[in-house]
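Welcome, and thanks for opening the viewer. Please load the model and get your selection tool ready; we will go from stop to stop together.

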Amino acid sequence: MSKSLPYSRIVGTGSFLPPRVVTNDALAADMATRQIETSDQWIADRTGIRQRYLAEPGVKTSALATEAARRALADAGVDASEVDLIILATSTPDFIFPSTACLVQANLGNKGAAAFDVMAVCSGFVYALTTADCFIRAGRARCALVIGAEVFSSILDWNDRGTCVLFGDGAGAVVLRASDTPGILAAQLQADGSLAGILSTAGTVAYGQVTGDPFLRMDGQAVFKQAVTVLDRSARGVVAEAGVSLADVDWLIPHQANLRILTFLARKLGVPLEKVVITVDIHANTSAASVPLALDLARRDGRVKSGQLVLLQGVGGGFTWGSVLVKM
Ligand code: ACO
């Protein structure tokens with residue numbers, strides 16, 4: 001890309017979790033009332049998850065996204081009116097249309113910014129961030145709000161213990177600005193639609209009715225194997241593109257699906273676990289929100305510092321995956 005084009009830089013982050021914390025024990029007790037057996041030990045041993053945040057029924061993705069966006073704008077010291085692009089990644093939009101990005105735009109009082117949703121499930125945030133980077137580098141936008149937000153609890157079958165224990169709700173956001181110095185150093189997005197069936201919510205609304213299955217279904221072992229393989233390959237690809245090595249990366253922030261996936265991945269990449277930001281224990285899997293939630297948490301607790309190299313990675317339904325290497 002021409003050197004005369006601006007780079008893009010993350011200048012603020014924010015996140016929001018619904019207030020209701022549900023521990024594994026509380027979830028197991030609730031499921032027991034429906035004669036479904038699970039336990040804190042099973043969930044923690046297989047996934048590392050100890051608790052999740054769940055939105056109250058009726059709370060929509062746009063509400064979580066708006067709060068995360070407000071916090072990111074405040075962190076960046078940017079007024080909502082300066083934003084000229086809003087990209088929101090979600091698989092649980094408020095409506096079929098308008099997009100949740102437009103609803104957030106209205107909540108923020110912004111008029112005129114381009115606003116649209118990106119659907120790449122748990123890879124959604126890295127897809128959205130890469131898209132915003134392309135807009136800025138092409139000179140089509142100067143200040144972007146990139147959000148990952150989900151009320152994933154709304155598409156879970158609470159009678160399917162193989163999936164409902166894995167997920168939570170939340171939102172994270174970043175403000176991305178045109179800059180003379182590079183922030184986003186390299187990005188790679190990929191997909192393999194032939195694997196659509198291993199992770200899907202295959203229902204829809206048509207002809208006035210829900211048709212098909214409105215709940216998330218997953219082949220957990222197939223997802224596990226794919227996730228580790230593609231995240232490993234993608235991490236190596238993106239650092240090579242940037243001309244750095246994995247040892248130069250200060251923080252690895254992969255999608256937070258499962259502690260065992262994170263541990264396997266870190267081992268495969270030769271990255272010490274101390275350099276991996278882990279939130280799956282407290283947030284569970286929040287799909288498109290997981291990476292910006294983890295980034296914001298690690299910035300706020302002082303781990304991720306200005307000037308450091310951070311590797312963000314998404315993987316999920318589609319099958320989709322991608323990596324973005326960022327200089328903070
Ligand atoms: N509590 C108790 N028992 C359970 C539960 C539960 N919540 N869920 C499943 N089981 C039982 C099953 O019924 C089965 O019992 P059976 O042997 O009597 O038939 C047994 O546990 C083993 O079930 P599996 O599905 O084979 O369990 P597995 O060891 O594969 O673990 C898991 C499941 C944790 C989902 C695993 O496959 C995994 O880590 N997959 C990775 C995928 C993932 O994390 N997906 C998240 C979303 S995808 C994404 O974000 C990219």
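The tour below starts at the ligand and then visits a few spots in the backbone.

Before you click anything, keep in mind that this is a predicted model.

**Stop 1: the ligand and its neighbours.** Select the ligand and show the residues around it. You should find 24 of them, and the closest include T38, R46, H255, N258 and N285. Which classes of residue make up this shell? It has 11 nonpolar, nine polar and four charged residues.

**Stop 2: polar contacts.** Now show the side chain of R46, where a polar atom lies 2.5 Å from an oxygen atom of the ligand. Move on to H255: one of its polar side-chain atoms is 2.8 Å from a ligand oxygen. Finish with N258, whose side chain places an N or O atom 2.5 Å from an oxygen atom of the ligand. On its own the ligand has 1000 Å² of accessible area, and the protein covers 74% of that.

**Stop 3: the pocket.** Switch on a surface if your viewer has one. The ligand takes up the space of the second largest pocket. Which elements give two or more residues to the shell here? Select α2 (40-47), α6 (161-164), α7 (220-242), α8 (259-269) and β14 (309-316) to see them. The largest share, four residues, comes from α7.

**Stop 4: two domains.** Colour residues 7-179 as domain 1 and residues 184-327 as domain 2. Why does the ligand lie between them? Both domains give residues to the shell around the ligand, so it lies between the two.

**Stop 5: backbone details.** Select F97 and P98, which are joined by a cis peptide bond with omega of about 0°. P98 is in the loop that runs between β4 (85-89) and α4 (100-108).

Next, go to V121, in the loop between β5 (114-118) and α5 (124-137). V121 is not a glycine, yet its phi is positive, at about 50°.

Last, select G318 and F319: the peptide bond from G318 to F319 is cis too, with omega near 0°. F319 sits in the loop between β14 and β15 (320-327), and β14 is one of the elements you selected around the ligand.

Methods:
Residues are numbered from 1 along each chain as its sequence is written. This is a predicted model: local features need pLDDT of at least 70, side-chain atom pairs count only at pLDDT 80 or more; totals for chains, interfaces and linings use all residues. Side-chain values use heavy atoms; hydrogens and water are left out. A residue is near a molecule or strand if one of its heavy atoms lies within 4 Å of it. A polar contact is a pair of N or O atoms within 3.5 Å; within protein, one must be able to donate a hydrogen and the other to accept it, and residues adjacent in sequence count only if both atoms are side-chain atoms. Accessible areas come from the Shrake-Rupley method with a 1.4 Å probe; for residues, only the protein chains shown count as cover. On a 1 Å grid over the protein atoms alone, a cavity is a set of points where a 1.4 Å probe fits but cannot get out, and a pocket is an open set with protein on both sides within 12 Å along at least five of seven lines; lining residues have an atom within 4 Å of a point. A molecule sits in a cavity or pocket if more than half of its atoms lie within 2 Å of its grid points. Ala, Val, Leu, Ile, Met, Phe, Trp, Tyr, Cys and Pro count as nonpolar, Asp, Glu, Lys and Arg as charged, and the others, Gly among them, as polar. Domain bounds come from an automatic or database domain assignment.
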